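Biologist: Please show me the model, and then let us go through it by question and answer.

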Amino acid sequence: MAEEPNSSPAAPTGPSRGGPGRGGPGRGGPGRGGPGARGPRARRAPAAPVDPENPEKGALVTIGAFAGQVQAELIEKLVFINRCAKVVKGGRRFSFSALVVIGDKQGRVGFGFGKANEVSEAIRKAGDHGRRGLKRFAISSTTIPHEVEGNHGGGRVILKPASPGTGIKAGGAVRAVCDAVGIKNILAKSLGSSNHANVLKATLDALSKLRQREAVFRMRGIETKPQAAS
């Protein structure tokens, strides 16, 4: 007696789910190992040099007036806290925003802004934001190389170098930035807006315009002679 042919449909051999099987561009995109795979890992930044005699102290500063010194820990300076009230059906709902300056007192400084329903959480967010935007400025060991002016929005700030023992003659956001960046003697004056954010950004704009004497001579192609010790 002859066998009846199998009436069940044959299994599909074509592509499934929008594309070929494993190894092909299934599910609308490249498959395993294809062009859609993850790219090469990012290279890690080179480690900062350490003092060979005392490696446990930490990394060293490589550039600027503080070159050769051990990198200090970051400090936070709270500049301003703003409270905002939103009127809702059950009453008023408060939220807070914090403006923070972060620096290492060795030429690096940045600022951060954070908002939250609690003061402590707003300060924490501002600190995390500031640590991601630290910049290094060309300051001397205790003061700035020359007079400079910075502007941002309605804010206008003038910074002047001062002799040792003068201290930081500034207030508000300017004082917080100068203290965090490592300036000990300076004369400052805010001539524009009193908005804390504008004054802070104008101060950072002024610091970004600072140039060291050796850097200017090197840019102009002038050779400098070493100064004789007095």
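**Strand pairing, helices and selected residues**

Modeller: To begin with one pair, Lys160 stands opposite Leu187 in strand 8. This is a predicted model, in which local features need pLDDT of at least 70 and side-chain atom pairs count only at pLDDT 80 or more, while totals for chains, interfaces and linings use all residues. Residues are numbered from 1 along each chain as its sequence is written, and side-chain values use heavy atoms, with hydrogens and water left out.

Biologist: In what order do the elements of the protein run from the N terminus on?

Modeller: Helices (H or I, at least four residues) and strands (E, at least two) are DSSP runs, numbered from the N terminus. The protein has 4 helices and 8 strands. Their order is β-β-β-α-β-β-β-β-α-β-α-α.

Biologist: What percentage of the 230 residues in the protein is buried?

Modeller: Buried means under 20% relative accessible area, exposed over 50%, and partly exposed in between, with a 1.4 Å probe and protein chains only. By that criterion, the buried share of the 230 residues is 25%.

Biologist: Which strands stand at the edges of the open sheet with the order 1-2-3-4?

Modeller: Two strands pair if DSSP finds at least two bridges between them. This open sheet has 4 strands, and its pairing is antiparallel. A strand at the edge has a single partner strand, so one side of it is left without a neighbour in the sheet; this holds for strand 1 (75–88) and strand 4 (135–136).

Biologist: Which residue is the bridge partner of Val109 in strand 4?

Modeller: Strand 3, residues 108–116, pairs with strand 4 in the antiparallel sense over 2 bridges. In strand 4, the partner of Val109 is Lys135.

Biologist: At about what angle to strand 3 does helix 1 run?

Modeller: Axes are lines fitted to C-alpha atoms, for helices over the stretch in contact (heavy atoms within 4.5 Å). Angles run from 0 to 180 degrees between N-to-C directions. Helix 1 (residues 119–131) lies across strand 1, strand 2 (91–103) and strand 3, and its angle to strand 3 is about 145°.

Biologist: How wide an arc around the axis do the buried residues of helix 1 cover?

Modeller: The buried residues of helix 1 are Ala122, Ala126, Gly127 and Gly130. They lie on the same side of helix 1, because the arc they cover, taken from the directions from the helix axis to the C-beta atoms, is only 135°.

Biologist: What does the cover over the buried residues of helix 1 include?

Modeller: An α-helix has 3.6 residues a turn, so residues three or four places apart point the same way. For the buried residues of helix 1, the cover includes strand 1, strand 2 and strand 3.

Biologist: Near what value is the phi of Lys105?

Modeller: Lys105 lies in the loop between strand 2 and strand 3 and is partly exposed, with a relative accessible area of 40%. Most residues other than glycine have a negative phi. Lys105 is a residue other than glycine with a positive phi, near 60°.

Biologist: Which strands are at the edges of the open sheet with the order 5-6-8-7?

Modeller: This sheet also consists of 4 strands, and its pairing is mixed. Strand 5 and strand 6 pair in the antiparallel sense over 5 bridges, strand 6 (residues 155–161) and strand 8 (residues 186–190) run antiparallel and are joined by 5 bridges, whereas strand 7 (residues 168–169) and strand 8 pair in the parallel sense over 2 bridges. Those with a single partner strand, and so with one side left without a neighbour in the sheet, are strand 5 (148–152) and strand 7.

Biologist: Which residue in strand 8 does Ile158 stand opposite?

Modeller: Ile158 of strand 6 has Glu149 opposite to it. In strand 8, the residue opposite Ile158 is Lys189.

Biologist: Which residue takes a positive phi in the hairpin of strand 5 and strand 6?

Modeller: This hairpin has 2 residues between the strands. The residue with the positive phi, near 60°, is Gly153.

Biologist: How far apart in space are Arg156 and Ala206, C-alpha to C-alpha?

Modeller: Arg156 is found in strand 6 and is partly exposed, with a relative accessible area of 33%. Not counting residues up to four places away in sequence, Arg156 touches several residues, including Glu149, Lys189 and Ala202. Arg156 and Ala206 are 50 residues apart in sequence, and their C-alpha to C-alpha distance is 9.2 Å.
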